[in-house]
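The following exercises guide a reader through one protein structure. Each task is followed by a solution worked in steps.

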Amino acid sequence: MINRRVLLRAGIVAGGLLAGVTTAGSAASARTADQRPSTPDEAWAALREGNRRWVDGTTTHPHQDAARRREVAQKQDPYAVVFSCIDSRVAPELVFDTGLGDLFVVRTAGQTIDPLVTGAAEYGPAELGTPLVVVLGHQRCGAVTAAAESLRKHKKLPGELSTIASSLRSAYTRSGGDVDKMIRVNTVDVVSRLKKDKLFAPRIAQGKLKVIGAYYSIDTGEVTRLV
Ligand SMILES: [Zn+2]
């Protein structure tokens, strides 16, 4: 199969294709499966389209074959970072119907953050120009629920689980004991924190990067943007 991106890079079909993109209207509507989204809005549009397929039961499982494995073997160029929970029901590649080489995925319990995690999220945008970071909270988050219970009862969780609860204390305080609200507040908090990141802030100001927050419904499969 002839790779369109390779042809575009080589300038072989650039004239014809780019003319087509211009007349077709928005870049998102003209994008094909082989064209990597290059702007924050194109990246979000691609994720939304994939999530729509997931919700509707019309997934295409793109980029999950040997040809794709060979294509990205020497170099990766993902178009988004998805920072989500470890929950087994919230696998980003599945809920956005993506494949190999499409996403950087960072996952922690309740998508709680610390410097190590921030470093992992920074890698794509800072080193490879990845245009989008999505912080993804989700319905019935066990980590947030356990943290809320621990904080409410003043009962420390065992091991390093207590660190997760500490990280969620601020969201707990501002949510009045409502776990679903706490999940959303925490997600927005993490977005705010990442937006202030030293490596992210200049890229955001230049329009090269967006950091957005979203909420995943385990019941419906739908991702809804929060911020
Ligand atoms: Zn969770």
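**Exercise 1: Helix α7**

At the start of α7, the backbone nitrogen of Leu-116 has a side-chain oxygen of Asp-114 within 3.1 Å. The model is a predicted one.

Task: Describe the course of helix α7, and state which elements its buried residues pack against.

Solution.

Step 1. Begin with the dimensions. Helix α7 has 14 residues and spans 20 Å from its first C-alpha to its last, close to the 20 Å expected at 1.5 Å a residue.

Step 2. Look for a bend. There is a kink of about 40 degrees at Glu-122 in α7, shortly before the proline Pro-125.

Step 3. List the buried residues. In α7 these are Val-117, Thr-118, Ala-121, Glu-122, Gly-124 and Pro-125. Glu-122, the site of the kink, is thus found in the list of buried residues.

Step 4. Identify the packing partners. The buried residues of α7 pack against the elements β1 (80-84), β2 (103-107), β3 (132-138), α11 and α12 (200-205).

Step 5. Examine what follows the helix. Gly-129, just after α7, has a positive phi of about 75 degrees.

**Exercise 2: Tyr-123**

Task: Determine whether Tyr-123 is buried, partly exposed or exposed, and name the residues that Tyr-123 contacts.

Solution.

Step 1. Locate the residue. Tyr-123 belongs to helix α7, which covers residues 115-128.

Step 2. Apply the cut-offs. A residue counts as buried under 20% relative accessible area and as exposed over 50%. Tyr-123 has a relative accessible area of 39%, so Tyr-123 is partly exposed.

Step 3. Collect the contacts. Apart from neighbours within four places in sequence, Tyr-123 is in contact with Gln-76, Phe-104 and Leu-128.

Step 4. Compare sequence and space. Tyr-123 and Leu-199 are separated by 76 residues in sequence, and their C-alpha atoms are 9.5 Å apart.

**Exercise 3: Helix α11 and Asn-186**

Task: Explain what caps the N-terminal end of α11, and state which backbone oxygen the side chain of Asn-186 reaches.

Solution.

Step 1. Describe the helix. Helix α11 (residues 179-195) has 17 residues and reaches 24 Å between its first and last C-alpha, close to the 24 Å expected at 1.5 Å a residue.

Step 2. Examine the N-terminal end. Asp-178 caps this end of α11, with a side-chain oxygen 3.0 Å from the backbone nitrogen of Asp-180.

Step 3. Note the buried residues. Among them in α11 are Met-182, Ile-183, Val-185, Asn-186 and Thr-187. The relative accessible area of Asn-186 is 4%, so Asn-186 is buried.

Step 4. Follow the side chain. The side chain of Asn-186 reaches the backbone oxygen of Gly-110 at 2.9 Å. Not counting residues up to four places away in sequence, Asn-186 touches Gly-110, Gln-111, Leu-168 and Ala-171.

Step 5. Add a distance. From Asn-186 to Ser-167 there are 19 residues in sequence and 9.3 Å in space, C-alpha to C-alpha.

**Exercise 4: Helix α4 and Asn-51**

Task: State which polar partner is found for the side chain of Asn-51.

Solution.

Step 1. Place the residue. Asn-51 lies in helix α4, residues 40-56. This helix has 17 residues and reaches 24 Å from its first C-alpha to its last.

Step 2. Judge its exposure. At a relative accessible area of 5%, Asn-51 is buried. Other buried residues of α4 include Trp-44, Leu-47 and Gly-50.

Step 3. Find the partner. A polar atom of the Asn-51 side chain lies 3.0 Å from the backbone oxygen of Val-95.

Step 4. Complete the surroundings. Setting aside residues up to four places away in sequence, Asn-51 touches Val-95, Phe-96, Gly-221, Glu-222 and Val-223.

Step 5. Look past the helix. Gly-57 follows α4 and has a positive phi, near 75 degrees.

**Exercise 5: The zinc ion**

Task: Identify the residues that coordinate the zinc ion, with their donor atoms.

Solution.

Step 1. Name the donors. Cys-85 (SG), His-138 (NE2) and Cys-141 (SG) coordinate the zinc ion at 2.0 to 2.3 Å.

Step 2. Read the spacing. Along the chain, the donors follow the pattern C-x52-H-x2-C.

Step 3. Check burial. Both His-138 and Cys-141 are buried.

**Exercise 6: The whole protein**

Task: State how many helices and strands the protein has, and what share of its residues is buried.

Solution.

Step 1. The protein has 12 helices and 5 strands.

Step 2. Of its 227 residues, 44% are buried.

Step 3. The protein exposes about 11800 Å², of which carbon and sulfur atoms supply 55%.

Conventions: Residues numbered from 1 in each chain as written. Predicted model: local features only at pLDDT ≥ 70, side-chain atom pairs only at ≥ 80, totals over all residues. Heavy atoms only, no water. Donors = N, O, S within 2.8 Å, 3.2 Å for Na, K, Ca; no water. Buried < 20%, exposed > 50% of the residue type's maximum accessible area, 1.4 Å probe, protein only. Helix = DSSP H or I, 4+ residues; strand = E, 2+ residues; numbered from the N terminus. Areas by Shrake-Rupley, 256 points an atom, 1.4 Å probe, with all protein chains shown as cover. Polar contact = N/O pair within 3.5 Å; in protein donor to acceptor, adjacent residues only side chain to side chain. Contact = heavy atoms within 4.5 Å. Expected span 1.5 Å × (residues − 1). Bend = angle between axes of the 7 residues up to and from the residue.
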